[in-house]
Amino acid sequence: MINELKLKLLLDFEAGRLNGLSRESLNGEAKTFLLNRGLKVEETPIGFSQGIRGLKGVGAFKATVVNLEKPLEELELKYSGTFRSYEKVFPYLKDSINREYTLLRTDSLFYPVPAEPSFESLVKSVVSSEFYAEITIEGVPDDLTVAFGGEIQGNLLRIGGTNRLDIAIAPFKVIEEKPFRLFLLSDKGVERTVELLRRTYDFYSSILGRKNLIYTVIETPENYGGQAGKCYALVSGSSLRSEVPVNIYHELAHLWNPKATPEAHLSRFFDEAFANYLTALAVKEIHGENEYKKFIANLEWWYKDILKKNPEAENLKVPEWGRKGLHLLSLSYSKGALILKELHDLMGDSFYDLLKAIVSADVIDFETFRKLAEELSERNIQDFFERYF
Ligand SMILES: [Zn+2]
C-alpha cells in the first residue's frame with residue numbers, strides 16, 4: 001500500500017505519451033508493481049525485470065508487471081511510453097492522453113501500483129490504501145485546464161487521505177461557487193445544476209451536520225463511468241444536466257460516509273446503501289413525492305433484476321454480501337437502500353438521530369449499528385435486525 005506518492009509527469013498530447021518519475025513510500029515492503037500496459041520502466045535504483053501479463057481473474061486486463069530484485073519500502077522509478085486505454089476490457093476505462101479529453105485514473109495504472117499480477121490483489125491494494133500525493137504536470141498546452149479533486153497550484157497538484165488519483169485535462173470552464181468547484185465542458189444548464197447541488201448539500205447538512213470543505217465536480221464525456229474520490233466526483237455531462245441528477249446526489253452523499261471497519265466495509269452497506277437512501281430522501285425533498293416514488297421503484301426493479309441472475313441473494317444477510325463476491329455488491333445500492341427505507345418507516349423521526357449517530361461514530365460495524373438503532377428507536381426493531389443482519 002502506498003503511503004506517500006510524489007509524481008512528476010511530462011505529457012505529450014500529440015503522441016499520447018507520458019514520461020513519469022515516481023517516488024513512493026509504502027506501508028511495508030513490496031517487490032511487484034503494476035503499470036499501464038503501454039508504459040515501461042526505464043530506471044530503478046536496483047535490478048528489475050518487467051513484462052506484459054494478463055491479470056489473474058481478468059486475463060484480458062494486461063499490465064506491465066515490474067519485479068524488483070528485492071522488496072523495497074521506498075521506491076524511485078522512471079518510466080515512459082504510450083499511455084493506453086483499457087476500453088476493450090472495461091468499456092468505461094477510456095483513459096488516454098489527447099487534446100480533446102485526457103483522463104488519468106488509478107484504474108488505468110498511470111503510476112506504479114504495488115500489487116501482484118492479479119485483479120483481486122490490485123483492487124485490495126487500491127481500496128485499502130490512504131495516501132498523500134503531490135503531482136507536477138508538464139506539457140499541458142495553454143488552452144487546456146487541469147481538473148483535480150484536491151488542491152491545484154499552477155502545475156502542482158496535492159491531495160491527502162486518498163486511495164486513488166483522477167486527473168482530467170480538457171478545455172474546461174471553471175466555476176467556483178463555494179462550497180463547489182466545477183470543471184465543465186460546456187456552460188449549458190450550469191446554473192440549474194449548481195442550484196440543485198447547493199440545495200442537496202444544504203439538505204444533507206441539515207440532517208447530518210455541516211461540513212466545511214470544497215467539493216469538486218469534474219465533467220467527463222459520456223460513458224467514462226462515474227467516479228467518486230475524496231471530496232470530488234467525475235460525472236458525465238448528461239448525468240450532470242439530467243432533470244433529476246441522482247448521480248451527483250449520490251456522490252455528494254458520500255461526503256457524510258461513516259467510517260466502517262474493514263470487515264463491515266466489505267458489503268458496502270455503510271457507504272453505498274446509505275448514499276442511495278440519502279439520495280432518495282434528497283429527491284423527495286427537492287423534486288417531490290412522485291420523483292421519490294419513481295426512484296424507490298427503480299431500486300425495487302434493480303433488486304428483482306439481481307435476484308433473477310443470483311437467486312441465492314434473497315436469503316443472504318447484509319454482512320454476507322461482500323464475502324460472496326463482487327457481483328453481489330449492487331445489492332447494497334438497491335436492497336441495502338430499501339432496507340434503510342424500511343428502518344426509517346419503523347423508526348420514524350428517530351431514524352435521523354440514528355443517521356447523525358452513525359456519521360459521528362469513530363468507527364461503525366453491524367453490531368454498533370444495531371445497538372445504536374435499538375437505543376434510539378421507540379419501537380421494538382429486533383425482528384428487523386434478525387431478518388436482515
Ligand atoms: Zn457510491
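**Surroundings of tyrosine 204 and two open sheets**

In this predicted model, tyrosine 204 is buried, because 24 other C-beta atoms lie within 10 Å of its own, where 20 or more are required for that class. The residue belongs to helix α2, which spans residues 190-208. When residues up to four places away in sequence are left out, the contacts of tyrosine 204 are Leu252, Ala253, Trp256, Leu278 and Ala282. Leucine 281 stands 77 residues from tyrosine 204 along the chain, and the C-alpha atoms of these two residues are separated by 9.1 Å.

An open sheet of three strands, with antiparallel pairing, follows the order β6-β12-β9. Its edges are formed by β6 (102-105) and β9 (145-148), each of which has a single partner strand, so that one side of each is left without a neighbour in the sheet. Neighbouring strands here are turned against each other by 15° on average, direction ignored. Strand β9 is joined to β12 (residues 166-170) by four bridges in the antiparallel sense, and alanine 147 has alanine 168 of β12 as its bridge partner.

A further open sheet comprises five strands in the order β13-β14-β15-β17-β16, with mixed pairing. Strands β13 (173-177) and β16 (227-229) lie at the edges and pair on one side only, while the twist from one strand to the next averages 15°. Within this arrangement, β15 (residues 215-220) and β17 (residues 232-236) are paired in the parallel sense over five bridges, with valine 217 opposite alanine 233 in β17. Helix α4, formed by residues 246-253, lies across β15, β16 and β17, and runs at about 165° to β17.

Key: Residues are numbered from 1 along each chain as its sequence is written. This is a predicted model: local features need pLDDT of at least 70, side-chain atom pairs count only at pLDDT 80 or more; totals for chains, interfaces and linings use all residues. Helices (H or I, at least four residues) and strands (E, at least two) are DSSP runs, numbered from the N terminus. A residue is buried if 20 or more other C-beta atoms lie within 10 Å of its own, exposed if 12 or fewer, and partly exposed in between; C-beta atoms are placed from the backbone. Two residues are in contact if their C-beta atoms, placed from the backbone, lie within 7 Å. Two strands pair if DSSP finds at least two bridges between them. Axes are lines fitted to C-alpha atoms, for helices over the stretch in contact, and angles run from 0 to 180 degrees between N-to-C directions.
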